[in-house]
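Colleague: I have the sequence and the model open side by side, and I'd like to go through them with you. Could you start with whatever you find worth a look?

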Amino acid sequence: MPGDRPTLPPVRLPSEAELARDALAAPLLARAVRLARWAGPATRVGPGGELVDEQLPAAAELLDLGDELSEGDGEAYASEAWRVAVDTGLVEVDDPDGAAPDEEGHVTTGEQLGVLTSGSPQDILSLWLDALDVVFADATAPVLDDLAAAIGDDGEIDLESLDWDPELEAEFLEGVLGNLYLLTLAEGGEGPVPLPVLAASMIVPDDMGEPTDDVLEQVSEAMMRLDDQFRLLEPIGLVSYVPVDEALMVEEAGDAPEASLPVDEEDVTRYGMVRLTPLGLYGIRSRMLEAGVDAPAVGDLADKDAHALLDGVAHFPELSARAETEQWLTRRAPADAARELLAAARGTDPGAPLRRLHCQQALSLVGAEAESAVREVLDDAELGGLARVWLAELGAGDVPPPPESMIFWLAIDTIAAQLDAEGEPDELQELVEGLVGQHSGFFEAAWRVEHPATAEVLEAMGRLHRDRTASKDARKAAFKARSR
């Protein structure tokens with residue numbers, strides 16, 4: 001019965017205006033902007049567009065990175081920020097690739113610098129995504145020690161000697177960020193994820209019980225690589241990161257302990273903790289969408305019709321479904337929204353029972369203003385039972401009692417919806433046993449119900465009911481329903 005499920009649960013994001021403010025506040029982009037505003041025709045750059053060594057001290061001083069950094073570190077930060085400024089179009093360097101090896105390029109203001117003052121929040125976020133691409137490329141590049149070892153006598157880098165595959169590196173980091181995205185949504189966006197958990201999610205097979213020493217060694221190597229990468233990704237605002245405790249690495253090198261994953265809570269924090277920021281959630285979702293991944297966000301359905309809403313929230317977590325429905329309702333008059341929801345809830349397709357369940361939940365958010373629209377469907381074969389239940393919960397008076405056929409139809413429809421939404425949880429078992437206990441001869445009447453899911457529901461009731469006699473009666477009723 002269950003239909004296609006969304007690839008990922010929906011993410012709840014701040015407004016684009018809030019995200020744009022976060023993007024402008026990201027330390028690395030803020031540094032790139034300061035350098036872009038400082039740069040001019042007198043700024044000296046090499047043929048690759050990089051700041052010449054003589055310019056780096058002035059650039060580092062401009063950024064005012066603090067006294068805790070050494071001179072070399074400050075210049076490295078300035079060089080990184082300048083590269084972001086060039087690669088995102090905040091500054092333009094005239095034909096650096098076509099220049100001679102000893103010829104300097106010429107710097108002009110980039111068109112993207114104007115986005116900061118006159119662009120929309122979406123324009124600013126697009127600029128930030130470009131900056132993220134730059135940092136992502138840096139994070140998947142070979143580490144400096146490996147690059148230094150690969151430099152030949154002629155001064156050129158021997159790429160073939162590097163144990164580095166750019167596509168595999170990018171694919172691994174994309175996978176890590178995808179898993180972090182999922183773990184963040186699973187935790188409701190609260191709390192960081194331990195680095196060992198994140199590394200293990202990429203390395204340890206799902207069906208492996210106790211990880212082998214070889215697998216644990218791979219996890220350890222992945223953690224060290226991720227530690228470097230998250231240090232690079234934090235300044236662009238993608239993550240909040242507590243690095244691996246350097247003292248821990250010294251301890252392990254000296255003690256040579258047996259390979260294992262940390263299990264103590266205090267130990268785990270020393271191994272690194274990472275959390276996607278709201279801007280990071282936006283960034284990873286954007287990359288997923290670009291790659292063709294179905295990554296919904298709360299609010300995507302606000303402009304869709306009621307049928308799309310009820311189908312769309314069918315398998316959302318409860319809080320996300322409520323938030324999506326609330327956004328949809330704010331754009332419509334209450335009575336119009338109620339009529340549109342009720343019309344969309346009709347149907348005999350496999351998804352219809354769950355649509356009716358979410359319709360009832362949506363109507364509860366409309367409140368008493370939906371009463372007139374709900375009363376219009378009291379005689380409807382598919383919606384009459386739902387309408388009576390909703391009116392009773394509202395405390396409305398003068399609700400006509402349902403005919404027996406409607407009671408049993410609603411029972412089948414309700415169980416079909418629950419089966420589609422949740423499978424067969426304990427709560428559904430209680431519902432089944434409660435219905436059978438309230439109505440003597442339930443199965444003798446239920447198999448006659450003209451509902452597309454009758455046989456399937458009765459079979460499920462046979463599996464769920466703990467009383468053997470009732471379970472047997474349910475299976476007999478299912479057989480009769482199929483034979484009808």
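**Walking through the model**

Modeller: Let me begin with Ser120, which is partly exposed, with a relative accessible area of 28%. Please keep in mind throughout that this is a predicted model.

Colleague: Okay, and where does Ser120 lie?

Modeller: Ser120 sits in the loop that runs between helix H5 (115-118) and H6. Its C-alpha is 8.7 Å from that of Ala20, although 100 residues separate Ser120 and Ala20 in sequence.

Colleague: Let's zoom out for a second. How many helices and strands are in the protein?

Modeller: The protein has 24 helices and five strands. Of its 484 residues, 43% are buried, and among the contacts between residues at least 6 apart in sequence, 67% join residues at least 24 apart.

Colleague: What about the largest nonpolar core, which residues have the most contacts inside it?

Modeller: That core has 76 residues, and those with the most contacts inside it are Leu90, Trp128, Tyr181, Phe230, Ile236, Leu238 and Val239. Helix H6 (residues 121-139) supplies the largest share of this core, 10 residues. As general background, in soluble globular proteins nonpolar side chains tend to be buried together.

Colleague: Take Leu90, then. What does Leu90 touch, leaving out residues up to four places away in sequence?

Modeller: With those left out, the residues touched by Leu90 include Leu29, Ala32, Val33 and Ala36, and also Ala85, Leu113, Leu116 and Leu127. Thr109, Gly110 and Gln112 are among the contacts of Leu90 as well. Apart from the core that holds Leu90 there is another core, of 30 residues, and among its members are Ala321, Ala338, Leu363 and Trp390.

Colleague: Switching topic: is Pro235 buried or exposed?

Modeller: Pro235 counts as buried, since its relative accessibility is 15% and the cut-off for buried is under 20%. Pro235 belongs to the loop between helix H10 (213-233) and strand S4 (239-242). Neighbours within four places in sequence aside, Pro235 is in contact with Ala26, Pro27 and Leu28, and the C-alpha atoms of Pro235 and Ala30 are 9.6 Å apart, with these positions 205 residues apart along the chain.

Colleague: And how do helices H20 and H21 cross?

Modeller: The axes of H20 (residues 404-422) and H21 (residues 426-438) come within 11 Å and cross at roughly 165°. Angles over 145 degrees count as roughly antiparallel, and H20 and H21 are therefore roughly antiparallel to each other. The crossing in which H20 passes H21 is left-handed.

Colleague: Which residues meet there?

Modeller: From H20 there are Ala411, Thr414, Ile415, Gln418 and Leu419, and they meet Leu428, Leu431, Val432 and Leu435 of H21. The residues of this contact divide into seven nonpolar, two polar and no charged.

Colleague: Staying with H20, what does Phe408 touch?

Modeller: Phe408 lies in helix H20 and is buried, with a relative accessible area of 7%. Not counting residues up to four places away in sequence, Phe408 touches His439, Phe442, Ala445, Ala446 and Val449. The C-alpha atoms of Phe408 and Trp447 are separated by 9.4 Å, and the two residues are 39 apart along the chain.

Colleague: One last thing: what is the phi of Asp398?

Modeller: Asp398 has a positive phi of about 60°, although it is not a glycine. Asp398 is found in the loop between helix H19 (384-394) and H20, where it is exposed, with a relative accessible area of 71%.

How values were computed:
Residues are numbered from 1 along each chain as its sequence is written. This is a predicted model: local features need pLDDT of at least 70, side-chain atom pairs count only at pLDDT 80 or more; totals for chains, interfaces and linings use all residues. Side-chain values use heavy atoms; hydrogens and water are left out. Axes are lines fitted to C-alpha atoms, for helices over the stretch in contact, and angles run from 0 to 180 degrees between N-to-C directions. Helices (H or I, at least four residues) and strands (E, at least two) are DSSP runs, numbered from the N terminus. Angles under 35 degrees count as roughly parallel, over 145 as roughly antiparallel, 65 to 115 as roughly perpendicular and the rest as oblique. A crossing is left-handed if the near helix is turned anticlockwise from the far one by less than a right angle, and right-handed if clockwise. Contact means heavy atoms within 4.5 Å. Ala, Val, Leu, Ile, Met, Phe, Trp, Tyr, Cys and Pro count as nonpolar, Asp, Glu, Lys and Arg as charged, and the others, Gly among them, as polar. A nonpolar core is a set of buried Ala, Val, Leu, Ile, Met, Phe, Trp, Tyr and Cys residues joined through side-chain atoms within 4.5 Å. Buried means under 20% relative accessible area, exposed over 50%, partly exposed in between (1.4 Å probe, protein chains only).
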